Amino acid sequence: MNDSPKRPRIVRNDYRALHPPTAATWKPSLAVSVVIPAYGAQEKLDLTLAALAAQTYPADLMEVVVVDDNSTPPLRLPELRPEHTRLVTTTPDSWGSAHGVNTGVAHADGQVILRLDSDMVAYRDHVEAQLRWHHTADYLAVLGHKRFIAWEPGRLTPEQVHEKILVGEGAALFAIEDSTPHWIEKVIDDTDGLTAHHHSNYRVFIGATGSLHRDFFKTVGGLDTDLRLGSDTEFAYRLSQAGAVFVPETTSSAWHLGIPQMQEKEEEGRRQRVPYIAQRVPLHGWRRTAAPRAWRVPLVDMVVEIGDANVADVDAAVAPVLGGPDGDVRVTLVTGRGPAPHDRASILAGDGAQLRLVEELYGHESRVRIAEKAPEPDPAVPYRFLLPRPVPLRADSLGRMLKLMERVDAGLVTAAIPGGPPARLERTAAFARARHIVGGTGLDQVVAGIWGATVFEGLAATEPEGTVFNPPPADFARRLVRKYFNARQRARLRALLKR
């Protein structure tokens, strides 16, 4: 299948394969909706709209949707604004920037959504610079550049801002030495402009100014309105899971009027965000330092085809993973049939005996599900481990496979197992991008081309380890004590050792 001109095969996050059009030869064709969530601060909004009224992007291809998050007094549209500007008010059932952005997108008509904060003064080519990228591929998340400047009310009028932006002197509105950069610039520099792929590249696509295709926004599902803080981080993570390529656009910039509250109250904001982000973003640094437990979104979806396997074999495949250092998993045991029968005739006949034992053994483990069919890939889970049949695993088997995947930055890792097809570890982002590019066929070949594939050796253990059917042997000291001391003497010895 030939790639669409809007769906080139970009390797990992190396967007340098794209060639955005230059201003001299470019004829824009994509309509853009600039969505501005706003709460109060009418003066700053007036300056934001004044700057947008002077953009180089064609006016007939640009609309602005201002979303008033039930401000008191209500926001109004100033006279100096882009030609196609609308003001909508959010419904009272929710509030916050996530709800504001979703509301704005629902009212937007453009093929591309550019989210812009209501305290941003964009340079003259700010919109155009981002839209050039979107004309080359439809699965990009383009991040606009900005500088933070302390704000004094009444310092500038909309007319002054419009005049400077219109003549291309946006940089002269404030002194660069009085401004501060955003922390994401260090991440961008450390990753060679994000072209050196890292699983945390998504962190930079947060707030203020950024754009993506509207259809891609809808595919990902919009922002999570349950999150009052950190919704942009969680949304960016889901974008990465959907196969987005993150592009920092630095040829143009913007002024952020004032220092964000999250920078002024960094520690307090961090404490408020940690529980919400940790539950939803397995790849975030906050999460990776925590002990294994059941999370809302696990790090790995492990799918085991158990068929008619006996309970001891199933436990040998599952128990070491759950109890090991890489137990941040959700396990689905695929039976190929419905629940085991529990009627008298079935039990006496032995029908479904092993499945009943599996159900009893794992029915109360929150990280394990028993299903008739394998579930569809969960787009929020970073990795999917497919085991065609139960084989004994080591406590570190899955972790070693994950480390290999990250070390070589692969999208697919396969591992031979005895008596069946190979096990597979799939990177969700790689397969999501492959499906976006070519549909649902030949995915392994596409993933190998855009992300890479490799083979893992030694997945299965020779003997079961650490299961209820094969408990580990007692250590030498315990065996020695049991040999030479009776139960009463052992109890006295334990009491002495505790003193």
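What share of the 499 residues in the protein chain is buried? Buried residues make up 51% of them. Keep in mind while looking that this is a predicted model.

**The whole chain**

Start with the full chain in cartoon view. The secondary structure comes to 18 helices and 18 strands. Along its principal axes, the C-alpha trace spans about 90 × 65 × 45 Å.

**Strand E17 and its partners**

Select residues 423-427, which form strand E17. Four of the five residues in this strand are buried, so E17 is largely enclosed by the rest of the structure.

Now add residues 383-387, strand E15. E15 pairs with E17 in the antiparallel sense, over four bridges. To find one point of contact, pick Arg 384, whose bridge partner in E17 is Glu 426.

Next add residues 412-415, strand E16. E16 and E17 also run antiparallel, and four bridges join them. Here pick Thr 414, whose bridge partner in E17 is Arg 424.

**Thr 195**

Move to Thr 195, in the loop between helix H5 (184-190) and strand E9 (209-213). Is Thr 195 buried or exposed? Thr 195 counts as buried because its relative accessibility is 10%, and the cut-off for buried is under 20%.

Select Leu 143 as well and draw a distance between the two C-alpha atoms. Thr 195 and Leu 143 are 14 Å apart in space by this reckoning, with their positions 52 residues apart in sequence.

**The positive patch**

Go on to helix H17 (476-484) and helix H18 (487-498), and show their side chains. Which residues gather in a patch of positive charge on the surface? They are Arg 478, Arg 482, Arg 494 and Lys 498. Each of the two helices supplies at least two residues of this patch.

Zoom in on Arg 482, which lies in helix H17. Its relative accessible area is 52%, so Arg 482 is exposed; the cut-off for exposed is over 50%.

**The nonpolar patch**

Stay in this part of the sequence and select Phe 476, Leu 480, Tyr 484 and Phe 485. These residues form a nonpolar patch on the surface. Together they have about 450 Å² of accessible area.

End the tour at Tyr 484, a residue of helix H17. Tyr 484 counts as exposed because its relative accessibility is 56%. Helix H17 thus holds both Arg 482 and Tyr 484, one from the positive patch and one from the nonpolar patch.

Methods: Residues numbered from 1 in each chain as written. Predicted model: local features only at pLDDT ≥ 70, side-chain atom pairs only at ≥ 80, totals over all residues. Heavy atoms only, no water. Patch = residues over 30% accessible without salt bridge, like charges linked within 9 Å, V, L, I, M, F, W, Y side chains within 5 Å. Areas by Shrake-Rupley, 256 points an atom, 1.4 Å probe, with all protein chains shown as cover. Salt bridge = Lys/Arg side-chain N within 4 Å of Asp/Glu carboxyl O. Lys, Arg positive; Asp, Glu negative; His and termini not counted. Charge placed at Lys NZ, Arg CZ, Asp CG, Glu CD. Buried < 20%, exposed > 50% of the residue type's maximum accessible area, 1.4 Å probe, protein only. Pairing = 2+ DSSP bridges.
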